[in-house]
Amino acid sequence: MSELFVQAKQAILATDKEKALEAAKRHLDAGGEPLEIISRGFVPGITEVGEQFGRGTLFLPELIMAAEAMMAVTDLLSAAMAAKGGSVSASPSGSILAATVKGDVHDIGKGIAIAMFKANGYAVHDLGRDVEVDEIINGAEKHGVRVIATSALLTTTMSEQKKLEETLKKAKLRDKYVTLVAGAPVTQRWATRIGADIYAENAHIGVVRVGEKL
Amino acid sequence: MSKIWTRMGDGSPVELTPAELRQDLEDGSADAADRGGVPGLNEDDFKYLEELFARRDRFVGVDVGNEVVLTYDGAALKFKRHCLFEERLHVLTMYEKMFGADTVELGHVDYSYKPVKPIVNYEQGTLEMGLLTTHSPLIYGAMPNLGLYTRPDGPCPNPMELLPQGKIKEARAAYEDMVEEAVRDMVFVVGSMYESGADGFNLDTVGASGDADVLAAFLALEKLRAKYPDIAVEVGMAGEFILGMHGELQYDGQRLAGLYPHQQVKLAEKAGAVIFGPVVNTNTDQTIPWNLARTVVFIRACSKAASIPVHANMGMGVGAVPVTDFPPVDVLSRASKALVELCDLDGL
């Protein structure tokens, strides 16, 4: 059985969706618990993918392909759990809405973060760049997300993240969401000052902190 | 023993015991050595940095004889960021005559080569006036900024919209098209300004859009070097390693994605750069001692590998300078001194 966990991990590292699905199917055919291969094979694989991306030894296209492989196996294993009558999902609870704030067209960091969240099994709704606060809140309400993640690359656009916090409070929606702020000029001090729940120094840390918060 | 006052990477004050300071220095050094595959700091380096941070001086400077060239990228634009609306040429003369700048740099407010293309004649006139009013070398600077070539600002599809949809082939093709567009614009603008008499050029914040951005800069530089053999071009980077947004682009047979400063400089030399400006990013969750030890490791490796002058980038969020609008002079001066004296730098 442990050989299958190694194969699962290697399949994610190799961004090989077919081999990842094969490992998941063989595990299920052998009567294995879906969550076991996720926690002992696929999650260590995607964790290492994230670490390698952060170190510059694995790149965005590979990260996207690893995310696709991960999504395929979590769908398969979630369905297997449901068939067994299990109520536990293979995916982390809660989905995420991501946007670059109004006045800012920089979306590379957001794109990386979305790939990383997807790779870790989160459903992400991307509203794109240069997005108004009202549009962000409407999007969050429409998609029923748990996390609102915003990115700002400019000191002149960071204030939109503060505006989001204030608008959520005014609309009495603040407690409904976990807010995450990121971007080159954004710091923990800024997040604390405006009342955001999570500051993410990079995409990998964002995934870890959202996981802890949810 | 009394605590040592310093800062976090976000600029907030923090006090460390001598043991905590040493641990942060060791951890920062180990992180860079591990990532870059380069030697970490030695015991003499640690002692130097421990003494540097333990000093109570608000401001420190290099020892006599260790002075280096001071250049400023985007100089003419930085006054505006602080709501000082001086005309660009006045700013250049202030940098030269009041701030001790060894070079001055003219740049357009968009600070990207693409938007300069349609107004290059206006920029040529301003440059010529600048050459008449300043004495130090006058550099023209801007970014390759491949982001400006994506829709709706440019002709290419946006890879950051394609990649999350899993359209990797299409995203890579878009990056390759963006490279061609950017090379053409950089060669046109730099060539035009060179023919108007600019003393040098800065391809700045190279790599801001990832590996394609770097390839565009290097290919443009090759063409410029072929056309103008004596042209002086500095390559200043955007980050400590090249982001692999395309992932497979190569220059001189080497994959660009993931290269660190000591590897970047060799390719910049090959492309024809005369000065290299490496960047090491500041981590806001860590202390400045951690960041500075890490920066010294990367920059020293770059300086050792280089055959051309190295001018490290120091400023908001890079070079162990905190991510704050106004860099605090205590840690800025410490970082500057350490980089010059430990890394054998030619300039900042």
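**Two chains and their domains**

In this predicted model, 23 residues of chain A are in contact with 21 residues of chain B. The predictor gives the complex an ipTM of 0.78 and a pTM of 0.90. Each chain is also divided into a domain 1 and a domain 2, and the points below take the contact between the chains before the contacts inside each chain.

**Where chain A touches chain B**

- Three elements of chain A give two or more residues to the side that touches chain B: α4, α5 (108–119) and α8 (188–194).
- Among these elements, α4(A) gives the most, with six residues.
- By class, the side of chain A that touches chain B has 10 nonpolar, six polar and seven charged residues.

**Domains of chain A**

- Domain 1 of chain A covers residues 2–83, and domain 2 of chain A covers residues 96–213.
- The C-alpha centres of these two domains of chain A lie 27 Å apart.
- Between them, 13 residues of domain 1 of chain A are in contact with 10 residues of domain 2 of chain A.
- On the side of domain 1 of chain A that touches domain 2 of chain A, α3 (34–55) and α4 (60–83) of chain A each supply at least two residues.
- The largest share of that side of domain 1 of chain A, eight residues, comes from α4(A).
- The residues of that side of domain 1 of chain A divide into nine nonpolar, three polar and one charged.
- Helix α4(A) therefore appears in two settings: α4(A) supplies residues to the side of domain 1 of chain A that touches domain 2 of chain A, and α4(A) also supplies residues to the side of chain A that touches chain B.

**Domains of chain B**

- Domain 1 of chain B is made of the segments 1–51, 284–295 and 315–348, while domain 2 of chain B is the segment 68–277.
- The C-alpha centres of domain 1 and domain 2 of chain B lie 28 Å apart.
- Seven residues of domain 1 of chain B are in contact with six residues of domain 2 of chain B.
- On the side of domain 1 of chain B that touches domain 2 of chain B, four residues are nonpolar, two are polar and one is charged.

**Confidence in chain B**

- The average pLDDT of chain B is 95.
- In chain B, 100% of the residues score at least 70.

Methods. Residues are numbered from 1 along each chain as its sequence is written. Chains are lettered from A and ligands numbered from 1 in the order in which they are written. This is a predicted model: local features need pLDDT of at least 70, side-chain atom pairs count only at pLDDT 80 or more; totals for chains, interfaces and linings use all residues. Domain bounds come from an automatic or database domain assignment. Two residues are in contact if their C-beta atoms, placed from the backbone, lie within 7 Å. Ala, Val, Leu, Ile, Met, Phe, Trp, Tyr, Cys and Pro count as nonpolar, Asp, Glu, Lys and Arg as charged, and the others, Gly among them, as polar. Helices (H or I, at least four residues) and strands (E, at least two) are DSSP runs, numbered from the N terminus. pLDDT is the predictor's confidence in each residue, from 0 to 100.
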